[in-house]
Amino acid sequence: MKEFTKHILVTGGAGFIGSHVVRRLLINYPDYRVINFDRLTYAGNLQNLKDVDTAPNYVFVKGDITSQQDVNKVFSDYGITDVIHLAAESHVDRSISGPMDFVLANVVGTVQLLNVAREYWGDFQNNVFYHISTDEVYGSLGDQGLFEETTAYDPRSPYSASKASSDHFVRAYHHTYGLPIRISNCSNNYGSHQFPEKLIPLIINNIVQQKELPVYGDGKNIRDWLWVEDHAHAIDVIFHTGKNGETYNIGGLNEWTNIDLVRRLCTILDDKLNRPSGMNEQLIRFVTDRAGHDRRYAIDASKLTQELGWSPSIRFEEGLEKTVDWYLANTDWVKHITSGDYTKYYEQQYALRKS
Ligand code: NAD
Ligand code: TYD
């Protein structure tokens, strides 16, 4: 049997970003065994990895990060040497309607992993516990300024509060027990395989189906968008060359108001679907704002760029077009992932926003 040099537990590897991280590790590091550990919630989908799941260095284990038994078992069955932790409940709107799921998965789940890693690794020879987090922990910006690694935490949604809490626990395990860690806080990701409840895939799919396009509030909230494969690249770089105990911000200096972004998608899809110019824009509806809606996120990633040499590879206009093409070519994937209760759930939520 092949001797692997590392046995990396990737939690949440069946989700959007996790599947891109798993794919990148499998392809670039055949000497590593990649153990994808995922509970397969509504957001997890093994179809995301069907192009690489026969790789000899890939293992999938269905399990729950909140279960001590599941986590202990995967560590001992596979001799885990490193963790890249992405598993989480990730959608802000769901955190508003049901915060407890976020406390369980994001806070309790992270602490469960930290406990098992600490016990299993003992004296921490060459191990890395890498926690993937969000820029949303820093709160909401005014018109000026960028989030830096030193920006004080100010989470404002149940989602960001749960991620902030998990970041604090990861740092606490580093300072208290000496656990070797890295943390990165990334801006909004876009690209293939994103569950269509998040803004970009939701708008693409609604346009395709000629359904109304919900824009929350005045549409002037700003997000800083990063191509998901650039995030996966940054994770690779930080995992391998980041310093023990350090935090790195990840972002592409790419700020868009939601309404401009939605309009851009309408124009791209007028063209690709051969619809008359301006037709898709007529689907836009300004609906009730998200409670506590953060106004602006924007990341300063200069530490990562200057210290570790990472930079984004693709311009937003190009990435957006590639993303649209991917969703148009993968309608079966969309159908599969939104089967079950999702469509009914979405229609109910939308009706509430419109009323
Ligand atoms: P996602 O919702 O697409 O995927 C999450 C995955 O975690 C799913 O496969 C799900 O099945 C799994 N999961 C959830 N609870 C679990 C549990 N208890 N045990 C095991 N597996 C469980 O999320 P994503 O957008 O890919 O985000 C991944 C990570 O990156 C999250 O930690 C998120 O906070 C962070 N992040 C996301 C973004 C973004 O724009 N999407 C930006 C910055 C950071
Ligand atoms: P989302 O993709 O949920 O990411 P996040 O809340 O983590 O930033 O939302 C991105 C932005 O788009 C956010 O400002 C909320 C807004 N939005 C809408 O206007 N309409 C929608 O239907 C959704 C899902 C989001």
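Trainee: In this predicted model, which residue lies over the face of tyrosine 42?
Mentor: A charge counts as sitting over a ring when CZ of Arg is within 6 Å of the ring centre and within 35 degrees of the ring normal. Here the distance from the ring centre of tyrosine 42 is 3.7 Å. The residue over that face is arginine 94.

Trainee: Which residues do ring pairs link into a cluster with Tyr42?
Mentor: Two rings pair if their centres lie within 6.5 Å. Through such pairs, Tyr42 belongs to a cluster. The other members are Phe195, Tyr342, Tyr345, Tyr346 and Tyr350.

Trainee: Isoleucine 337 touches Tyr42 and Phe195; is isoleucine 337 buried or exposed?
Mentor: Isoleucine 337 is found in helix H11, residues 331–337. Besides Tyr42 and Phe195, isoleucine 337 touches Ala43, Asn45 and Pro196, not counting residues up to four places away in sequence. Its relative accessibility is 8%, and the limit for a buried residue is under 20%. Isoleucine 337 therefore counts as buried.

Trainee: What distance separates the C-alpha atoms of isoleucine 337 and glutamine 47?
Mentor: Along the chain, isoleucine 337 and glutamine 47 are 290 residues apart. In space, their C-alpha atoms are separated by 9.0 Å.

Trainee: How many aromatic pairs are there, and what class is the pair of phenylalanine 75 and tyrosine 120?
Mentor: The count comes to 19 aromatic pairs. For phenylalanine 75 and tyrosine 120, the ring centres are 5.5 Å apart, with 70° between the planes. Because planes over 60 degrees apart count as edge-to-face, this pair is edge-to-face.

Trainee: Which helices hold phenylalanine 75 and tyrosine 120?
Mentor: The pair links distant parts of the chain, its two members being 45 residues apart. Phenylalanine 75 is buried, at a relative accessible area of 0%, whereas tyrosine 120 is partly exposed, at 39%. Phenylalanine 75 lies in helix H2 (residues 68–78) and tyrosine 120 in helix H4 (residues 99–121).

Trainee: Why is the pair of phenylalanine 147 and tyrosine 297 classed as tilted?
Mentor: Both phenylalanine 147 and tyrosine 297 are buried, and their ring centres are 6.3 Å apart. Planes under 30 degrees apart would count as stacked and planes over 60 as edge-to-face. The pair is tilted because its planes stand at 45°.

Trainee: Which backbone oxygen does the side chain of histidine 174 reach?
Mentor: Histidine 174 lies in helix H5 and counts as buried at 18% relative accessibility. Leaving aside neighbours within four places in sequence, its contacts include Pro180, Ile181, Asn244 and Gly245. At 2.8 Å, its side chain reaches the backbone oxygen of leucine 179.

Trainee: What percentage of the exposed area of ligand 1 does the protein bury?
Mentor: Oxygen atoms of ligand 1 lie 3.0 Å from a polar backbone atom of glycine 15, 2.7 Å from a polar side-chain atom of serine 90 and 2.9 Å from a polar backbone atom of asparagine 189. Taken alone, ligand 1 exposes 840 Å². Of that area, the protein buries 97%.

Trainee: Which element gives the most to the shell around ligand 1?
Mentor: In total, 27 residues surround ligand 1, and the closest are Ile17, Asp38, Ser90, Tyr159 and Lys163. The elements giving two or more residues to the shell are helix H1 (16–28), E5, H5 and strand E7 (188–190). The most, three residues, comes from E5.

Note on methods: Residues are numbered from 1 along each chain as its sequence is written. Chains are lettered from A and ligands numbered from 1 in the order in which they are written. This is a predicted model: local features need pLDDT of at least 70, side-chain atom pairs count only at pLDDT 80 or more; totals for chains, interfaces and linings use all residues. Side-chain values use heavy atoms; hydrogens and water are left out. Rings of Phe, Tyr and Trp (its six-membered ring) pair if their centres lie within 6.5 Å; planes under 30 degrees apart count as stacked, over 60 as edge-to-face and the rest as tilted. Helices (H or I, at least four residues) and strands (E, at least two) are DSSP runs, numbered from the N terminus. Buried means under 20% relative accessible area, exposed over 50%, partly exposed in between (1.4 Å probe, protein chains only). A polar contact is a pair of N or O atoms within 3.5 Å; within protein, one must be able to donate a hydrogen and the other to accept it, and residues adjacent in sequence count only if both atoms are side-chain atoms. Contact means heavy atoms within 4.5 Å. A residue is near a molecule or strand if one of its heavy atoms lies within 4 Å of it. Accessible areas come from the Shrake-Rupley method with a 1.4 Å probe; for residues, only the protein chains shown count as cover.
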